[in-house]
Every structure is written in structure tokens, then in C-alpha cells.
Amino acid sequence: MGNNGSAGSPGKGPGHGISRRSLLIGGGAAAAATAAVAVDEVRRVWWRVPGVEKPREAGELDYAPATWVAASQGNWRRADRPDDYGVDRVIIHVTQGSYESAVKVFQDPAHQAATHYIVGQNGRVTQMIRELDVAYHAGNRSFNERSIGIEHEGFVDRPQDFTKKMYESSARLTAAICKRYAIPVDREHIIGHVEVPGTDHTDPGPHWDWTRYMKLVRAASTAGDKGSRAS
């Protein structure tokens, strides 16, 4: 619509409609915007071209206090998160076994499941899958694609397995993840495996102290992120 009813034909000067120059400039801007979108898409997916590998550094950590032990590639899928899938959940698991048994089973390609991290009863943290990759841990493809999974050593029916060191260490890890991806620190975004739609798992179970855990995560969040990606 022209100003003050002065909708003239193309090619006239200012105040007389849209000029040919304006059309060209407008078209150029639109083309530039389209090109920018195309470049962004190429940036996201170029490494998916057959024979092309996205650069990776073996043993690189996303959480500096962790120790790296690689999971079998049969238990996760290569990705480029959060570019291709936004990360908006942390999912809490319990191993139903020892720390060592969890590490061992995540190295077994036949298991076809693994989490990004394992937290031991003594507070140690092992990272087994990069956060940018999709771990098979939630039993729901959509939740796998947009979450980070954290396994905890112990059994769901043994409250004594959930130690002070475990809670505190896991809370610091979760706080660092939430800060990295701007995930709200609340129970809608930090959930148990049992809360994933379609799952048949019950972990972390009735003895996992969510009130205590969330308080620790919030405290760690305000204390600052000491577990940023190592570089």
C-alpha cells in the first residue's frame, strides 16, 4: 500500500510507488536471506555426505571432571546436536547393577543401549558418548534425540545406594548440562526414565529423592558452571 494513496506504477520516483531499483534491492535481500538459510543447512549437514566425516577428537569431554570411556557405536547414533536436534531434557537412570557392569555393558554392541554419562556411588563420572550424539537410552526416539542421559550406580529398591557424593556429583553434572543448552532447571525438563512416554522402565524408582536432587541442581546452577566443555 502506498503512502497517502500514492500507489503509482513501478519505475517512478520517490512517493510514486515501488521503483525498479527498490524491486531489485528487495529481490536481492530475499535472495541473500535464502542463501543464508541454504548456507546454514549446509553447515548442519555437510558431514552427512557419504565419505565425509565431521571432525572429532578422540576422548574429547563435554564435562571436564569426567573420565572418558567410549561406548560401543552400536549403542548410539552420530549426530550434530544441538544443530540438528535441540537438547531440552536431562533423563535420570539407575543402572540396576554396579558402576563397572554398566561401563562393560555399554561397550557391548549387542546391548543396543547406553547413556552419555555414568555417575558412581563415590561421585566419579564417566562420559561414554559425546553430548552432540544421540544415545539409545530413553526407549523413545524423540526423547533420545533431544536429551542427555545420566546413569547412576545402584538398584532402585536400595535407598542406601543413592549416596551423598552421588547426588552432589550428579547435580553438578546436570547443572552444567542445563547451563550449556539453556534447559530450565525444573521437573519438566529434568525427568526420570520412568517418565518417558512409552517406556517400560521404573528407574530411578521411589527412593530417588527428587526434592533433594533438584535443590542440589539449583544450588550448583547458581554457583557457576565448573564443568564446561573441555577444550
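**Salt bridges, nonpolar cores and helix H5 in a predicted model**

Eleven salt bridges were counted in the structure, a salt bridge being a side-chain nitrogen of Lys or Arg within 4 Å of a carboxyl oxygen of Asp or Glu. The structure is a predicted model, in which local features need pLDDT of at least 70 and side-chain atom pairs count only at pLDDT 80 or more, whereas totals for chains, interfaces and linings use all residues. Residues are numbered from 1 along each chain as its sequence is written, and side-chain values use heavy atoms, with hydrogens and water left out.

One of the salt bridges joins the side chains of Arg-146 and Asp-88, with an N to O distance of 3.1 Å. This pair links distant parts of the chain, 58 residues apart: Arg-146 lies in the loop between helix H3 (141-145) and E7, and Asp-88 in the loop between strand E2 (76-77) and E3. Helices (H or I, at least four residues) and strands (E, at least two) are DSSP runs, numbered from the N terminus. Accessibility is described in three classes: buried means under 20% relative accessible area, exposed means over 50%, and partly exposed lies in between (1.4 Å probe, protein chains only). Arg-146 counts as partly exposed because its relative accessibility is 21%; Asp-88, at 26%, also counts as partly exposed.

A salt bridge is also formed by the side chains of Glu-131 and Arg-180, at 2.9 Å from N to O. Glu-131 is in the loop between strand E5 (125-127) and strand E6 (134-135), while Arg-180 is in helix H4, 49 residues apart. Glu-131 has 0% relative accessibility and therefore counts as buried. In addition, Glu-60, Asp-62 and Arg-130 are linked in a network of salt bridges.

The nonpolar cores were examined next. Such a core is a set of buried Ala, Val, Leu, Ile, Met, Phe, Trp, Tyr and Cys residues joined through side-chain atoms within 4.5 Å. The largest one has 31 residues, and those with the most contacts inside it are Tyr-117, Leu-173, Ile-177, Ile-190, Trp-208 and Tyr-213. At least two residues of this core are supplied by each of strand E3 (89-94), strand E4 (117-119), strand E7 (147-152), helix H4 (164-181) and helix H5 (210-223). H4 gives the largest share, nine residues. Apart from its neighbours within four places in sequence, Ile-177 is in contact (heavy atoms within 4.5 Å) with Val-90, Tyr-117, Glu-131, Ile-148, Ile-150 and Ile-183. A second, separate core has eleven residues, among them Ala-71, Trp-76, Val-103 and Met-128.

Helix H5 shows a buried and an exposed side. Its buried residues are Trp-210, Tyr-213, Met-214, Val-217 and Ala-220. These residues lie on the same side of H5 because they cover an arc of only 125 degrees around the axis, the arc being that of the directions from the helix axis to the C-beta atoms. An α-helix has 3.6 residues a turn, so residues three or four places apart point the same way. The buried residues of H5 pack against E3, H4 and strand E8 (190-192). On the face turned away from this buried side are the exposed residues Thr-211, Lys-215, Thr-222 and Ala-223.
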